[in-house]
Amino acid sequence: MSTGDLEALLRVTAPGYVGEAPPDVAFGTTDTPVGRLTLAVTGRGVLACSYDDEHAVFLRVSRAIGSFIGPDPRRLDPVKRELEAYFAGRVRTFATQVDFQLVTGFTRTVMQMMLAVPYGSVTTYQEIAERIGRPQALHAVKNALTGNPVCIFAPCHRAVDSSGALGSYAGGVVAKEHLLSLEGLSPRPSGASDHTHA
């Protein structure tokens, strides 16, 4: 990381920072029952809701978008409130749109498929691969979901192995279990049969 990148990150994450103009990308963190999430929000919607630390997300956003990044409560607070309502069981569908600028091609297609999996439902990695017309791309689907930059809003936690095992998740298995339980699903132990369809 260059000195300039470090200085920019420290400047925009400082508690008293007030930019001269609203940033193109609002940037901050929020603590949740599944851990601290790093948020990035544009005028289009949530760009990042990530378990990665601020530094990693800041670099990814700045490299991909290259815009003015900084704190902006007008954009961040509504997203934080929606997450709080989701974890309190009051929200099942997010009003905030997802901005997929950090993903392209195959990964974007997989992420968009996850938006169609409703609250309280699961799908399998294999079903996703089949729906996008790539039934042999099971591992590519898993990798795309594990690298999801917009966790919870693009609900990759709702994808499981065909065996019923939870599979991987960017926030770890405990976070995935928590999210599925929150949505009224009983996570199955590894090897259990999975007959649930989205």
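**Close-up views of a predicted model**

**Figure 1. Surroundings of L145 in the nonpolar core.** In this predicted model, L145 touches V110, M111, M114, Y125, I128, C156 and A159, residues up to four places away in sequence being left out of the count. L145 belongs to the largest nonpolar core, where it is listed with Y51, L83, I152 and F153 among the residues with the most contacts inside that core. In soluble globular proteins, nonpolar side chains tend to be buried together.

**Figure 2. The largest nonpolar core and a second core apart from it.** The largest nonpolar core has 41 residues. Two or more residues come from each of the strands β2 (35–41) and β3 (46–50) and from each of the helices α3 (73–87), α4 (105–114), α5 (125–131), α6 (138–146) and α7 (173–182). Helix α3 gives the most to this core, with six residues. Another core, of 10 residues, lies apart from it and includes F27, A40, F58 and I69.

**Figure 3. The aromatic pair of Y51 and Y169.** A pair of aromatic rings is described by the distance of the centres and the angle of the planes. The model contains six aromatic pairs. One of them joins Y51 and Y169 in an edge-to-face arrangement, with 5.5 Å centre to centre and 75 degrees between the planes. The pair links distant parts of the chain, 118 residues apart: Y51 is in the loop between β3 and α2 (54–64), and Y169 is in the loop between β6 (159–160) and α7. Y51 is buried at a relative accessible area of 17%, and Y169 is buried at 7%.

**Figure 4. The aromatic cluster around Y86 and F94.** Y86 and F94 form a tilted pair, 5.5 Å centre to centre and with 40 degrees between the planes. Both Y86 and F94 are buried. Ring pairs link Y86 and F94 with F87, Y119 and F153 into a cluster. F153 also appears among the residues with the most contacts inside the largest nonpolar core.

**Figure 5. T30 in strand β1.** T30 is placed in strand β1 (residues 25–32). T30 counts as buried because its relative accessibility is 10%, the limit for that class being under 20%. Not counting residues up to four places away in sequence, T30 touches G35, R36, L37, L39, K80 and L83. Of these contacts, L83 is 53 residues from T30 in sequence, and the C-alpha atoms of T30 and L83 are 9.0 Å apart.

**Figure 6. Salt bridges D31–R36 and R74–D72.** Side chains of opposite charge can pair when their charged atoms come close. The structure holds four salt bridges. In one of them, the closest N and O atoms of D31 and R36 are 2.9 Å apart. D31 is exposed, with a relative accessible area of 56%, while R36 is partly exposed at 46%. R74 and D72 form another salt bridge through their side chains, with an N to O distance of 3.0 Å. R74 counts as exposed at 58% relative accessibility, whereas D72 is buried at 3%.

**Figure 7. The salt bridge between D161 and K142.** The side chains of D161 and K142 meet at 3.1 Å, N to O. D161 lies in the loop between β6 and α7 and K142 in helix α6, so this salt bridge ties together parts that are 19 residues apart in sequence. D161 is buried, with a relative accessible area of 16%. K142 counts as partly exposed, at 22% relative accessibility.

Technical notes. Residues numbered from 1 in each chain as written. Predicted model: local features only at pLDDT ≥ 70, side-chain atom pairs only at ≥ 80, totals over all residues. Heavy atoms only, no water. Core = buried A, V, L, I, M, F, W, Y, C linked by side-chain atoms within 4.5 Å. Buried < 20%, exposed > 50% of the residue type's maximum accessible area, 1.4 Å probe, protein only. Helix = DSSP H or I, 4+ residues; strand = E, 2+ residues; numbered from the N terminus. Contact = heavy atoms within 4.5 Å. Phe/Tyr/Trp six-rings, centres within 6.5 Å; stacked < 30°, edge-to-face > 60°.
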